[in-house]
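Me: I would like to learn how to read a sheet and a chain contact in a model. Where do we start?

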Amino acid sequence: MSFLEIKHLCKSFDTVPVINDFSIEIVEQTLCCLVGPNGAGKTTTMDLITGRQKPTSGQITFCDDDITGLDEHQIARLGIGRKFQVPAVFRDLSVRQNLEVAFSRSTNPLKNIFRFREPGFSQRLDQIATQTGLTERLGVEAGILSHGETQWLEIGMVLMQDPRLLLLDEPVAGMTEAEIEKTVSIFKELKKTNTLVVVEHDMAFVREIADVVTVMHMGSLLAQGPIRDIEADPRVREVYLGDEEG
Amino acid sequence: MNPYHNVKAQWLAYGVFFALLALVPMLVSDSFLLNQFATYGVFGMLALSISLCWGFGGILNLGQGIPFGLGAYGMAMTMQMQTQDASNPMPPFMLNNSLDHLPLLWEPFRQTALGIVLALAVPTLFCAIFGGLMFRARVSGPFFAIMTLAMLSAWYTLILDIQPYTNGANGITPPSPLKLGDYAVDPYSPVAYWSVLALLLVATVGAKLMTLSRFGLVVQAVRGDAERVRFLGYNVAGYETTVYTIAGFIAAVAGCCWVVLTQYVSPAQFDTTFSLSMVIWAGIGGRLSLIGAIIGAFLIQGAQSYLGDTFLNTWLLVLGAFFILVVRFLPKGLAGLLESILGRFSTSSKSNGNDVAAHRLYPQPGE
């Protein structure tokens, strides 16, 4: 059984191809980093997996279910959680309420009118708040959190969903060294039980956490493998790592 | 903690508010005045429905006159048919419009119970279908507001145009009060006032419970970022349609009460200025507070009744200027003013850095 499999995925905006015959397989309980230069199609790939965009052609299967073309909420319910590039939290709700919304076991609007407490929520809240270091901040409005805290809150929200697959778009963007360190430890913990796909530019961070690195270029797969092989790959050095690594 | 955000304190405020309103008939002996106060209760329901839809759901609805008007027409038709009998089966205006038999549209309203059910069900169903179509196509924000406004104008024109069925611009004037069984509801009696107040109370408590439920939480999240909510596994269109439809149902109830109280309905109920003024009531009172919106309706309609005569044609100008001032300086309305006063009071007595109330005082980005 394959976990997440993308086959011959293509996406064009009008006539401009953004994803071009991209195929990849994600193995369960690994952390895969998706890297590549700007415009390589990393975020678009995430959009296509989570249903925000519909592919022009190709197929995406998740645990042998064909999820190509499903709506966002249907894909989320199957167990794919997503963190956005620009942290998206509910700014006028408290941190606690943010996590409560994300605890989405019951999604029927009519049933939820008569539901005031979700069984199992407070335990899960304690657990996630500890994991993301937000225990002290639960009563605070999410709009006043620092940038790093906002990132962690969104990671916490994704964890609240208890997804089988986590897609994280630039989770350490704009974080300080200390904050990145903390995020690394969160991810190392997560890796033990979850499958993660992380889009990230910070190569030091990628080196620290990745089991597998996938390099995209011009909407296609350029290289895939352990970080050591990737950094040695001349094609990758040319299009992506060249400037940085000298 | 700011008492404004204390749910127990909020319930207490609701209790006091409705207890005071229930005392009004003891103090007012003038039955015409009491009838007028009862119609304020109807406006309160409309403001409540706007607060639910716009304040909590973030769905700006400029067409709340649609469910209100449809409910009102349904009730007016029911009351009109109560006064018709076998020897005189058709409302007089139909004869004037040279109809020779009762149109099919009017048939169900010969039975009072069915008529009232239809008066509530038709507008609710309309909201469910219209809202469902719009929200599934992800029409939102100002685009949805424009669609509701367009739909409102369409209904206004339709009601006006099918004169043989609706009596056009003259509207329907049921000659006698609503009879429930053998009991006639005297619109000028304290019973009518208390009935409207009871319905307002039920609607307010129901709406408040709804905002406290998981549904209410998700709806508030949708207001903040609908896109994000989808990726958490919620069908956003379902939530938007539900809150829009519930608001429509409350407006339909208000429409029925309105006709019982005034024994009159006309296309004016579908007028854009009326629907816009509902939004203004909620905006001035505080759209994020259910009770604030109700008080907003009382204040504005009360002021219109008593100051409107003084200002005559300039009243709308005065109202508009007041609305601009509130939007500019009190974006959360009068309820927001109370919130910051109570917040200042509670933080000066007990400062707690890790408190939502304390932070609310500081300007927040994005507000």
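**Reading the sheet in chain A**

Reply: Begin with strand order. In this predicted model, chain A has an open sheet of six strands, ordered β6-β7-β8-β3-β9-β10, with mixed pairing. From one strand to the next the twist averages 20 degrees.

Me: Which strands of chain A stand at the edges?

Reply: Look for strands with a single partner. In chain A these are β6 (80-83) and β10, so each has one side without a neighbour in the sheet.

Me: In which sense does β3(A) pair with β9(A)?

Reply: Compare the strand directions. β3 (residues 31-35) of chain A runs parallel to β9(A), with four bridges between them. Within this pair, Cys33(A) is opposite Val213(A).

Me: How many bridges join β9(A) to β10(A)?

Reply: Five, and here the strands, residues 212-217 and 220-225, are antiparallel. Val215(A) faces Ala223(A) across the pair. The two strands make a hairpin with two residues between them, and Met218(A) in the turn has a positive phi of about 50 degrees.

Me: Which strands does helix α1(A) lie across?

Reply: Helix α1 (residues 42-50) of chain A crosses β3, β6, β7 (165-169), β8 (195-199) and β9, at about 145 degrees to β7(A). Helix α6 (residues 147-160) of chain A lies across β6 and β7, at about 175 degrees to β6(A).

Me: How many residues does each chain bring to the contact?

Reply: Count each side separately: chain B gives 28 residues and chain A gives 33 residues. On the chain B side, α9(B) supplies the largest share, 10 residues. That side comprises 12 nonpolar, 11 polar and five charged residues.

Note on methods
Residues numbered from 1 in each chain as written. Chains lettered and ligands numbered in written order. Predicted model: local features only at pLDDT ≥ 70, side-chain atom pairs only at ≥ 80, totals over all residues. Contact = placed C-beta atoms within 7 Å. Nonpolar A, V, L, I, M, F, W, Y, C, P; charged D, E, K, R; others polar. Pairing = 2+ DSSP bridges. Axes fitted to C-alpha atoms, helices over the stretch in contact; angles between N-to-C directions.
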